[in-house]
Amino acid sequence: MRSAPRLSVVIVRSRPHWIHLLFVRRGSLLPRIFSQQLFVLLLSCAVVLAHGQLFHVKVTLTSAPFSLMGVALAIFLGFRINASYDRYWEARKFWGVVLVEARNLSRHALTLTRGDVDARPFVLGLIAFAGTMRNQLRGRPREEGLDGLLPDEVLARVRTARFAPALVLLWLGQWVRDMREAGCLPPMLAQHMEGSLDALSAALGGCERIANTPLPFTYTVILHRSSYTYCMLLPFGLVDTTGWMTPLVVGFVSYTFFALEALSDEIEEPFGMMTNDLALDAIVASIDASLRELLGDTPPPAPRPDADFVLN
Amino acid sequence: MRSAPRLSVVIVRSRPHWIHLLFVRRGSLLPRIFSQQLFVLLLSCAVVLAHGQLFHVKVTLTSAPFSLMGVALAIFLGFRINASYDRYWEARKFWGVVLVEARNLSRHALTLTRGDVDARPFVLGLIAFAGTMRNQLRGRPREEGLDGLLPDEVLARVRTARFAPALVLLWLGQWVRDMREAGCLPPMLAQHMEGSLDALSAALGGCERIANTPLPFTYTVILHRSSYTYCMLLPFGLVDTTGWMTPLVVGFVSYTFFALEALSDEIEEPFGMMTNDLALDAIVASIDASLRELLGDTPPPAPRPDADFVLN
Amino acid sequence: MRSAPRLSVVIVRSRPHWIHLLFVRRGSLLPRIFSQQLFVLLLSCAVVLAHGQLFHVKVTLTSAPFSLMGVALAIFLGFRINASYDRYWEARKFWGVVLVEARNLSRHALTLTRGDVDARPFVLGLIAFAGTMRNQLRGRPREEGLDGLLPDEVLARVRTARFAPALVLLWLGQWVRDMREAGCLPPMLAQHMEGSLDALSAALGGCERIANTPLPFTYTVILHRSSYTYCMLLPFGLVDTTGWMTPLVVGFVSYTFFALEALSDEIEEPFGMMTNDLALDAIVASIDASLRELLGDTPPPAPRPDADFVLN
Amino acid sequence: MRSAPRLSVVIVRSRPHWIHLLFVRRGSLLPRIFSQQLFVLLLSCAVVLAHGQLFHVKVTLTSAPFSLMGVALAIFLGFRINASYDRYWEARKFWGVVLVEARNLSRHALTLTRGDVDARPFVLGLIAFAGTMRNQLRGRPREEGLDGLLPDEVLARVRTARFAPALVLLWLGQWVRDMREAGCLPPMLAQHMEGSLDALSAALGGCERIANTPLPFTYTVILHRSSYTYCMLLPFGLVDTTGWMTPLVVGFVSYTFFALEALSDEIEEPFGMMTNDLALDAIVASIDASLRELLGDTPPPAPRPDADFVLN
Amino acid sequence: MRSAPRLSVVIVRSRPHWIHLLFVRRGSLLPRIFSQQLFVLLLSCAVVLAHGQLFHVKVTLTSAPFSLMGVALAIFLGFRINASYDRYWEARKFWGVVLVEARNLSRHALTLTRGDVDARPFVLGLIAFAGTMRNQLRGRPREEGLDGLLPDEVLARVRTARFAPALVLLWLGQWVRDMREAGCLPPMLAQHMEGSLDALSAALGGCERIANTPLPFTYTVILHRSSYTYCMLLPFGLVDTTGWMTPLVVGFVSYTFFALEALSDEIEEPFGMMTNDLALDAIVASIDASLRELLGDTPPPAPRPDADFVLN
């Protein structure tokens, strides 16, 4: 169920009434599957008008083979949704790790260092790490949104880098090393912070893995073909029993199959810019706000979703 | 099976007799799905009376396409329940981590510190961490239930914070740092305690992730639409074979589908206040009791569920 | 397949011949579901005799809607078995962790300490931890089976404690601290042992979590209702096709559904005393034997299952 | 797909042509399920000859209830295969951990020790650990295959031990302790090696857990009964539609169900000696070869599977 | 969905239009299952021409038993795809770990060492580790692609080794040891780097495990037999209802089953050279590029897939 006011990071939509949910337009993917859906509907109508004949030859199909194939298709499609969702959720977990470890490192920098060390550059560098990671995953210019977060020479190197976040990590590691060598950070706790930097590195590598290794393309092809062939043959199989209701039934079946396939396709690559992808900008903003609050700054208020309930 | 008297944390209900279980009202979600259920039942009766005709035209539907779609729907709904339950159980695990690490840190504070250090403020601070974490997840005022647990200046900062538990962690880290620098805590063991604080931070971040990233909204919409359309068309498909038994069968099918969908919806967001959500108050009370027992205090007795077997 | 003589911990039953397996009485859950099963069988016979009529009105049901619902029920029941088994296996893993970490700590105590330290009290304390953990999970008196394992003052505190194993851990931590401060244990290795104590604490917390958070009660109710309604309506749907064979078919279907539901219910709470629950006494005895063998004592022989192949 | 020459550990079989795969005899489990299969086939023939009558009374069964039950059975059987395979794969992972940690410890012993320490006894002791672990899991004499790997006094203790591998670990821990105390091993790195010994201990405990806690016996019984009853009633249900083809169809269905059940049963206990169990001897030989290669010895060539493609 | 320009590692294919996806030839596995598919199609045609008779005897099959078996087969096949994909994804994760830990070790070498230590040989050694790991998994000559990455004496040993990557790790460990003993690396941080070397070792061991332990061969055989028998009997069962459409329906069903089986077979062994296997060469090149970028070199541009969208 939905809790009271949500207070932190990403997508918010209070659940509409069950009737409204039947007609909501956002998130229904209808625009994306419109052409396929229309094609199948028109085909169904044609089949009804031709009484299931093709060039005056009766297409001898009944619902039996469709029942047989429908279950198999549903099982295979179910597996695909499952695998896609696992990718989506694993990616989300990695971004959760970025938040957690950035907070941990900030806490360490603020409490472990001795003397009058200013931890602010280090904490801002952590925000920059999250920013470059988003930029790399979304294919944006590497330095976007990093104003004032990194020293100039690091920013220069980041701008042209192929693996920019790894360079930011290198700089963060140098900061820790410098603090340790200056005697401002006990060696044992420096090692502890290195462990957190390693965890950031692992989150980065995990996201790169997801972005660069899609589900086996063949699997997508097989499922796509099977479900489209299925929906296109279906009106021939049903027309003798369901008569003029055929377009409705076929439309209903194909909507479920097409929409679930399209959704799998969206969340399979969770770093994109479509409706159901991860709201990376909101996550980075939330990391920014949380780290600045630890520094003692007043964070900006939590972002509000737009009229379409979407955050990017 | 049920063990003898249960002794610790949250929800308790000894299993009713199998006949009683058929008629128990709590937990059946009937109130929540009452309007949909009623609508479908009335529609079924209307269809029976009209002999499956709509405006005097026979609706040509048989049970064949429903058999076909029913399995697909069940598979997709099964996936959704699975994913929702995973979220619920993952959230529960994070709260288990909070209990475990709070105990570990208390044990360390009580055994590792040297001299006449009073570990009590630190242990109370751990209880305060659990409290603020609950407050943030449920959207309650940040300082609720923290009386006497935190120093005044920390409490003041917590009160207005957007990410309050992270500030409590910062204070706990400062306590460890102060003990170490005062020579009351060997450096190596201070590092060990930092690791436990990191684990608390990870549990917090994990819960924030679950609270802020629901299942893809589109998935909910597709399933909702498909199962409602299914249940509304079903009486037309069955009326020719099942006659006056149609409302019973349709009611039975739609009860299973609607109730499972409503349950998925409840446990998908496990931090709310509905019947099947996590009993956060009881968990926090249990952490409080366990830590105070380690301090040598006598903990309050285990909470008893109310007449409806519910703990919050 | 079954290996040669099994040598260590818990449940042993060499697999009976496939014919024998059809008639074995233990483990079939028949006693537990006897009344439901009998009720459904009698109902089936009555339906056959009445030719599917209720008060002289023909109940218009065919097998079609049952085929439709049967698959959905099987999917949802399959999910429940899966979730229950995960709980069972997760609980078993935590007890495996207790064995492993108790061994590790014993090895450390026996090798890392310097001088003429007697590690025996510490190793016995680890056995006591396993014992109190079992006692808490099964709701037994806290001090049961702890004779001679703990110092008197610790035993006194344990006896009245709500979270007794956490107190035993506190004492174990104090022993490590004392050894370290007495210079008998290098500080770095003391930290290593603290890590193992933390792992014991995590296993304890994990078991408490499983014991105190059942599957959402609503889920149990929905499944229970659906499968019982299903089995009670089934004879009406089948009588026209299967005639006098109806009780056999209905009995067969309902046996599978009722038995799987009862089994899910047993293993969902794995710490109870029923046939399929975890053999906690045997596990604790095995931990005891393994630790005493490390101390150089001759362990008792492995326990033999009783005539019914059961260990508790 | 199969890669070019495989170079390391266990089971190797280049995939036969798809036609050959239909008639391969090894691995088909036919010998194991021969008697059940024959029984069902003979029953089917008898049913065909009697035209579905039993004592001159027609058995009124059709395919409808079988379709209903078949899916449920397949789902439950699918869950069992899944759970059995998880056990099999988890066991394999633990043996992978043994290889990895044995290599790590050897690397540490070869690089971290100072002076003219001979690391060979320690590395041989690691091989001995893998050997005793296999011996315990397979119920073999504890000292089998350990010639020359352990000092005499350790071997004597191992020979009569109930938990022999834990004693080998104790000796390995003593070696590390002695090196550390002799100043040949920096304390910090000694702690690191203790961590690897702990991981070996966890792999051992995990395998003991799998060996000693089978799937709930009741589950096996329910599935066994349901699938056998199903296959024995099936000819009565099909004979009216499929006529003389009935034995073929029934044989086909029962082959799939019986064979999958038998396979689940084999891999559920992965430490046995049957065809589909883990090739423990080959794994231990591979660990032996890899560690000796690190010592600078020339390892024996990789084992070749025998004419039946099997390694033990 | 697909993000904007992808920037790093492996397989890239922008999703074709849904119509194009129906006719794309790559990735459809058609070449691989061509002979089976043709055989089934010809058989179907023969069955249609003979009106379902075999040697003038009518084959009495209907669609009922196929519906029954089809679901079971789909469930078991779904499980196999799932298990194969888990192997594929687990293997990919291990390669992700290699990237992450190689980066971490490079960062440590570049920041932690003191004095004028040249970290370049160590970083090149990490690239060599990835190279030999690929060579071992693909059965290539051990020294392929290692020119200039390792000192001569190590390369000589690697060339003839059975477990070459473990020898590279040994050398990397020696480098760390030498740095530590020369006082260029603080002992505590040397231990930290040992942990990363252990993680590389675990990734190597995990990949060896996957390469050497396929899915139980019996499982493959049972599924193969069942699905082929199914597809070959199917035309007899359908010919009476679907008439001249039989070859189309049978071809459709068998395509889905054969193609999914072939795909499972490909990804089950993810280290091969077929279309759907892991692009190990591209991954190694990406590791090379990322490490050289950390060294300050300009990495080569990201590889572009060839005309067939494939990277190896």
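Select Ala190(E) to begin: at 1% relative accessibility, this residue counts as buried. The model on screen is a predicted one. Ala190(E) belongs to helix H7 of chain E, which covers residues 187-212. Now display its surroundings. Apart from neighbours within four places in sequence, Ala190(E) is in contact with Val176(E), Arg180(E) and Leu185(E). Add Thr113(E) to the selection: this residue is 77 residues from Ala190(E) along the chain, and their C-alpha atoms are separated by 9.5 Å.

**Second stop: Pro299(E)**

Remain in chain E and move to Pro299(E), in the segment that comes after helix H10 (280-295). Is this proline buried or exposed? Pro299(E) has a relative accessible area of 16% and is therefore buried, since the cut-off for that class is under 20%. With neighbours within four places in sequence left aside, its contacts are Arg162(A), Ala289(E) and Glu293(E). Show chain A at this point to bring Arg162(A), one of these contacts, into view. For a distance within chain E, pick the C-alpha atoms of Pro299(E) and Ala285(E): they are separated by 9.9 Å, with the two positions 14 residues apart along the chain.

**Third stop: chain A as a whole**

Select chain A and colour it by secondary structure. Chain A contains 10 helices and 2 strands, and along the sequence the order reads α-α-β-β-α-α-α-α-α-α-α-α. Of the 312 residues in chain A, 68% are buried. Turning to contacts in chain A between residues at least 6 apart in sequence, 76% of them join residues at least 24 apart.

**Fourth stop: the rotation axis**

Show chain E beside chain A. A turn of 72 degrees, with a shift of 0.0 Å along the axis, lays chain A on chain E with an RMSD of 0.0 Å. The two copies are thus related as by a five-fold rotation axis. Which residue of chain A has its C-alpha nearest the axis? That residue is Val71(A), at 5.5 Å. Next, replace chain E with chain B: chain A superposes on chain B by a rotation of 72 degrees with 0.0 Å of shift along the axis, again at an RMSD of 0.0 Å.

The interfaces deserve a separate selection. Only 7% of the interface residues of chain A are also interface residues in chain E, so these copies meet through different surfaces. For chain B, too, only 7% of the interface residues of chain A are also interface residues there, so the copies meet through different surfaces.

**Fifth stop: the largest pocket**

With every chain displayed, select Ser67(A), Ser67(B), Ser67(C), Ser67(D) and Ser67(E), which lie nearest the centre of the largest pocket among its 25 lining residues. Helix H3 of each of chains A, B, C, D and E gives two or more residues to this lining; the helix spans 63-112 in chains A and D, and 64-112 in chains B, C and E. The volume of the largest pocket is about 710 Å³. Colouring the lining by class gives 15 nonpolar residues, 10 polar residues and no charged residues.

**Last stop: the nonpolar cores**

Select Trp95 in chains A, B, C, D and E: within the largest nonpolar core, of 547 residues, these tryptophans touch the most other members. Centre the view on Trp95(D). Not counting residues up to four places away in sequence, the residues touched by Trp95(D) include Ala130(D), Met133(D), Arg134(D), Leu137(D), Cys207(D) and Phe271(D). Leu280(D), Ile283(D), Val284(D) and Ile287(D) are also among them. Finally, select Met188(A), Met188(C), Met188(D) and Met188(E), which are included in a second, separate core of 5 residues.

How values were computed. Residues are numbered from 1 along each chain as its sequence is written. Chains are lettered from A and ligands numbered from 1 in the order in which they are written. This is a predicted model: local features need pLDDT of at least 70, side-chain atom pairs count only at pLDDT 80 or more; totals for chains, interfaces and linings use all residues. Side-chain values use heavy atoms; hydrogens and water are left out. Copies are superposed by least squares on the C-alpha atoms of residues with pLDDT of at least 70 in both. Contact means heavy atoms within 4.5 Å. A nonpolar core is a set of buried Ala, Val, Leu, Ile, Met, Phe, Trp, Tyr and Cys residues joined through side-chain atoms within 4.5 Å. Buried means under 20% relative accessible area, exposed over 50%, partly exposed in between (1.4 Å probe, protein chains only). Helices (H or I, at least four residues) and strands (E, at least two) are DSSP runs, numbered from the N terminus. On a 1 Å grid over the protein atoms alone, a cavity is a set of points where a 1.4 Å probe fits but cannot get out, and a pocket is an open set with protein on both sides within 12 Å along at least five of seven lines; lining residues have an atom within 4 Å of a point. Grid points are joined across faces, edges and corners, and a volume is the space filled by probe spheres set on the points. Ala, Val, Leu, Ile, Met, Phe, Trp, Tyr, Cys and Pro count as nonpolar, Asp, Glu, Lys and Arg as charged, and the others, Gly among them, as polar.
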